[in-house]
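Dear colleague,

I am passing on the structure we talked about, with the sequence alongside. Please have a look at it first, and then read the notes underneath.

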2 protein chains.
Amino acid sequence: MPSGLSAAEMARIDQLITTRRKVRRKAPLFRAGEPFHALYAIRTGVFKTCVTAEDGRDQVTGFHMAGEIVGLDGIVQDHHTCDAVALEDSEVCVLPFDRIGELSREVGALQHHLHRVMSREIVREHGVMLLLGSMRAEERVAAFLLNLVQRLQARGFSPSELVLRMTRQEIGSYLGLKLETVSRTFSRFAQEGVLEVQHRFVRIADVERLRSVLAQPGSGF
Amino acid sequence: MPSGLSAAEMARIDQLITTRRKVRRKAPLFRAGEPFHALYAIRTGVFKTCVTAEDGRDQVTGFHMAGEIVGLDGIVQDHHTCDAVALEDSEVCVLPFDRIGELSREVGALQHHLHRVMSREIVREHGVMLLLGSMRAEERVAAFLLNLVQRLQARGFSPSELVLRMTRQEIGSYLGLKLETVSRTFSRFAQEGVLEVQHRFVRIADVERLRSVLAQPGSGF
DNA sequence: CGACGGCTTGACGCTAATCAATATACGTGG
DNA sequence: CCACGTATATTGATTAGCGTCAAGCCGTCG
């Protein structure tokens with residue numbers, strides 16, 4: 001969270017956190033169309049966010065874990081434009097947005113922190129656009145796994161082992177692939193000795209090889 | 001720009017605009033890696049923004065026209081993470097970011113306006129992710145053209161005619177397609193009487209048919 | 001224990017990428 | 001201002017990669 005704050009400032013920011021909210025697996029934190037009044041800081045658990053087109057198609061736009069903020073989409077129209085759904089039993093801090101506005105006027109560091117959070121989300125989405133626009137299936141899956149373990153490692157988990165909290169379908173939606181393609185790609189990596197895959201459990205057996213998949217756009221010749 | 005402001009508030013916001021800057025066609029407004037110190041409000045002209053991966057691949061992340069803000073990517077790391085390049089001779093207002101911070105603490109409406117601008121960009125990118133993740137080539141091109149004319153119409157231009165300021169290559173990069181596919185899709189639409197295309201000039205001959213392309217995920221059977 | 005959701009694997013088809021040749025517009029310098 | 005050279009665009013032939021459809025397996029949860 002924000003750094004460089006005095007004790008007094010910290011005390012004020014604590015006022016922000018009015019409520020915590022538990023969200024059970026598969027339950028929505030919010031849904032597109034609902035009125036927006038708060039951002040949510042994830043304390044524990046994992047969420048997916050997804051947008052839905054008029055014709056019903058939907059797209060997972062991100063997977064979010066402890067320490068990350070969701071709900072930023074709601075600011076512009078005063079109502080949410082995507083769904084946030086818990087992938088496991090989770091807990092969030094509710095941060096009423098009008099309070100954030102007031103407080104960030106008094107505490108400059110909070111203001112700047114919020115700006116950075118929003119900017120980070122924009123930059124993250126640029127990365128996803130690069131992935132969706134120019135990578136092949138193997139590269140997408142490799143990038144996805146490397147990104148996940150990196151974030152897990154930053155939270156004190158293993159840099160080489162992880163348990164997927166999402167289905168192949170959801171991974172596929174996020175990566176612009178069908179679930180069969182995700183499954184096949186996992187299998188191929190496993191066969192090549194890059195990964196060990198057992199359902200939701202994944203061990204990265206050869207990080208270098210996995211990284212090298214990203215370096216070679218034209219596939220592995 | 002922001003509404004609901006007193007004259008005094010307006011006067012303060014005018015202080016924001018210290019400089020204008022002209023950018024010639026093909027010249028960068030900023031480049032990835034450069035230090036960030038300002039946002040840019042486009043006065044005239046068109047820009048593309050694009051990110052580049054380590055391996056050199058790049059991806060156009062957006063096309064931006066008068067009234068839109070670019071540079072939001074730079075906030076999080078204090079340096080830009082993408083390039084903004086003028087597609088025609090253009091002019092921007094330079095909005096020094098530290099001033100924005102100070103002023104938005106005094107003028108609540110400005111603060112909220114900035115939040116909305118950033119949130120709008122996040123939501124826009126969700127839409128692009130949906131496009132890249134789940135649409136077929138025809139749908140992507142149709143969505144691209146409809147989005148462009150809609151924005152042009154909001155600026156007082158024709159709802160059915162436009163001049164593309166970007167190459168097929170750039171359109172393709174934005175849409176996750178190769179330039180040949182973009183060209184072929186234009187040709188097919190022209191052959192079906194949906195579009196008239198002459199190089200950079202496009203006339204939408206049948207908006208309804210173009211819209212209906214989007215409604216049918218499974219292609220046009 | 002049975003049923004259902006999630007996952008894997010195979011066979012096949014289709015879309016868009018690739019490679020290539022040509023045409024057209026644009027910009028630049030003589 | 002014209003001519004040349006280069007960027008941009010169109011179009012065709014072929015292919016690779018992913019999607020689709022289908023069948024069967026596994027694991028979980030009621």
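With which residue does Arg155(A) form a salt bridge? The partner is Glu68(A), and the closest N and O atoms of the pair are 3.5 Å apart. Please keep in mind while reading that this is a predicted model, and that the values below are computed from it.

Domains of chain A

Chain A is divided into domain 1, which covers residues 7-130, and domain 2, which covers residues 136-215. The centres of these two domains, taken over C-alpha atoms, are separated by 25 Å. Where the domains meet, 16 residues of domain 1 of chain A are in contact with 11 residues of domain 2 of chain A, and the area buried between them is about 1,200 Å², with carbon and sulfur atoms giving 54% of it. Between the two domains there are 4 salt bridges, and 7 residue pairs are found in polar contact across this interface, counting pairs with both residues at pLDDT 80 or more. On the domain 1 side, β4 (46-52), β5 and α3 of chain A each supply at least two residues to the surface that touches domain 2, and β5(A) gives the most, with 8 residues. By class, that side of domain 1 has 7 nonpolar, 4 polar and 5 charged residues.

Chain A against chain B

Turning to the two protein chains, 45 residues of chain A are in contact with 45 residues of chain B, and together the chains bury about 4,100 Å², 64% of it on carbon and sulfur atoms. Across this interface there are 2 salt bridges, and Glu139(B) forms a salt bridge with Arg57(A), in which the closest N and O atoms are 2.9 Å apart. In addition, 22 residue pairs are in polar contact across the interface of chain A and chain B, again with both residues at pLDDT 80 or more. The elements that give two or more residues to the side of chain A touching chain B are β5 (58-65), α2 (97-106), α3 (108-134) and α7 (207-215) of chain A, and of these α3(A) gives the most, with 20 residues. The residues on that side of chain A divide into 20 nonpolar, 15 polar and 10 charged.

DNA strand C

Finally, there is the DNA, where 18 residues surround strand C, the closest being Arg168(A), Ser183(A), Ser187(A), Ala137(B) and Thr181(B). Of the atoms of DNA strand C that come within 4 Å of the protein, sugar and phosphate account for 69%. Which elements each supply at least two residues of the surface near this strand? They are α6 (179-191) of chain A together with α6 (179-191) of chain B, and α6(A) gives the most, with 5 residues. By class, the residues of this surface divide into 3 nonpolar, 6 polar and 9 charged.

Some individual side chains may be worth displaying as you read. An N or O atom in the side chain of Ser187(A) is 2.5 Å from a phosphate oxygen of DNA strand C, and a polar side-chain atom of Arg200(A) lies 2.8 Å from a phosphate oxygen of the strand. In the case of Arg184(B), by contrast, an N or O atom of the side chain is 2.9 Å from a base oxygen of DNA strand C.

With best wishes

Note on methods
Residues are numbered from 1 along each chain as its sequence is written. Chains are lettered from A and ligands numbered from 1 in the order in which they are written. This is a predicted model: local features need pLDDT of at least 70, side-chain atom pairs count only at pLDDT 80 or more; totals for chains, interfaces and linings use all residues. Side-chain values use heavy atoms; hydrogens and water are left out. A residue is near a molecule or strand if one of its heavy atoms lies within 4 Å of it. A polar contact is a pair of N or O atoms within 3.5 Å; within protein, one must be able to donate a hydrogen and the other to accept it, and residues adjacent in sequence count only if both atoms are side-chain atoms. Helices (H or I, at least four residues) and strands (E, at least two) are DSSP runs, numbered from the N terminus. Ala, Val, Leu, Ile, Met, Phe, Trp, Tyr, Cys and Pro count as nonpolar, Asp, Glu, Lys and Arg as charged, and the others, Gly among them, as polar. Contact means heavy atoms within 4.5 Å. Buried area is the accessible area (1.4 Å probe) that two parts lose on being put together, summed over both. A salt bridge is a side-chain nitrogen of Lys or Arg within 4 Å of a carboxyl oxygen of Asp or Glu. Domain bounds come from an automatic or database domain assignment.
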